[in-house]
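Here are some short exercises on charged side-chain pairs, each with a worked solution. Have your viewer ready and try each one before reading on.

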Amino acid sequence: KTNEIYERYMPAAWSKPTPDADQGEIKKWIKAKYEVKLFMVPILEGTSSFEEKRTLPIRLVDYFAVIGLGQIMPEMKEKLNHSTVPEEVIFRPEVLDCFPEADTHAESAFPEHIGLFAFPDGLKLSRKEKPPGLFSFVLTNVSGVKIYGVCLVIHEELDHNDLHQAIFVPNEKERNVSPSSSPLPKWLHHRRMLSSKSEAVFAPKALVLLGHYPFYSPFEHFLAQLYRISLSESPLPIERYISNFVGEVPLPPQGKVHVVFSLPDRTLKLKRPPYNR
């Protein structure tokens, strides 16, 4: 009688696993039958099935993204004056690059507001180059599915033309916002060339990896090595390392099998625990 209740509306696409079936299939059956109680009520036409709702994508990485300098905050543009220092100016974070393209995975859309997770207080300039920093975060979508992110924040000297573009070229939402009429600070004088370290202005940039599995340590090591490679001569273009790690390294199967990924001076080993752990 218990099975009659729990399996009353079992769809034709499902079949009860035998005792010698794969452990993954048995675990999926138990979760559908007893935890989700999927077969106790009929699945109406047009609603999502358990497989569509619960099965995570079988890939290691969803997206690699670069987040950097966007437009200046409108309220900051109005306050610019001769005494403003770079540390007081705040910009919107903007996705500068994404691999693969943001609409590649239909079941895992690229998070629109990822910039706010990388720079929750906005993107702030500095007059000194700061050391790189790593941190991780977790996003939860409307279906309750978690997306794990690892972020490496680096600081790069700004090209003066890019800085002027971000401050003085308005986007569509800011056509009516003008900079203050007060004299501008020296570090913002139009066409001024940054000729020494004391005049340099730095901006943070975030390298981000997103995936459905919490591979925090491998992701951190990969981003750190990627940054190191960018500062030195490499036998391959840096884009090749990114496309290889994101698009070609497989998700390790649960169990004892390792997936090995080699970088110029480090080897990453990726593994997942077996089903019973």
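The exercises below go through salt bridges one pair at a time.

A word on the ground rules: this is a predicted model, so local features need pLDDT of at least 70, side-chain atom pairs count only at pLDDT 80 or more, and totals for chains, interfaces and linings use all residues. Residues are numbered from 1 along each chain as its sequence is written, and side-chain values use heavy atoms, with hydrogens and water left out.

**Exercise 1.** Find how many salt bridges a search of the whole structure gives.

*Solution.* Start with the criterion: a side-chain nitrogen of Lys or Arg within 4 Å of a carboxyl oxygen of Asp or Glu. Searching the whole structure then gives five.

**Exercise 2.** Locate Glu-25 and Lys-28 and describe their contact.

*Solution.* First, place them: both sit in helix α2 (residues 23–35), three residues apart, about one turn of the helix. Helices here are DSSP runs of H or I with at least four residues, strands are runs of E with at least two, and both are numbered from the N terminus. Next, check the distance: their side chains form a salt bridge at 3.5 Å, N to O.

**Exercise 3.** Are Arg-59 and Asp-62 buried or exposed?

*Solution.* Begin with the contact, a salt bridge of 2.6 Å, N to O. Then apply the cut-offs: buried is under 20% relative accessible area, exposed over 50%, partly exposed in between (1.4 Å probe, protein chains only). Both Arg-59 and Asp-62 come out buried.

**Exercise 4.** Classify Glu-25 and Lys-28 by accessibility.

*Solution.* Glu-25 has 41% relative accessibility, so Glu-25 is partly exposed. Lys-28, at 26%, is also partly exposed.
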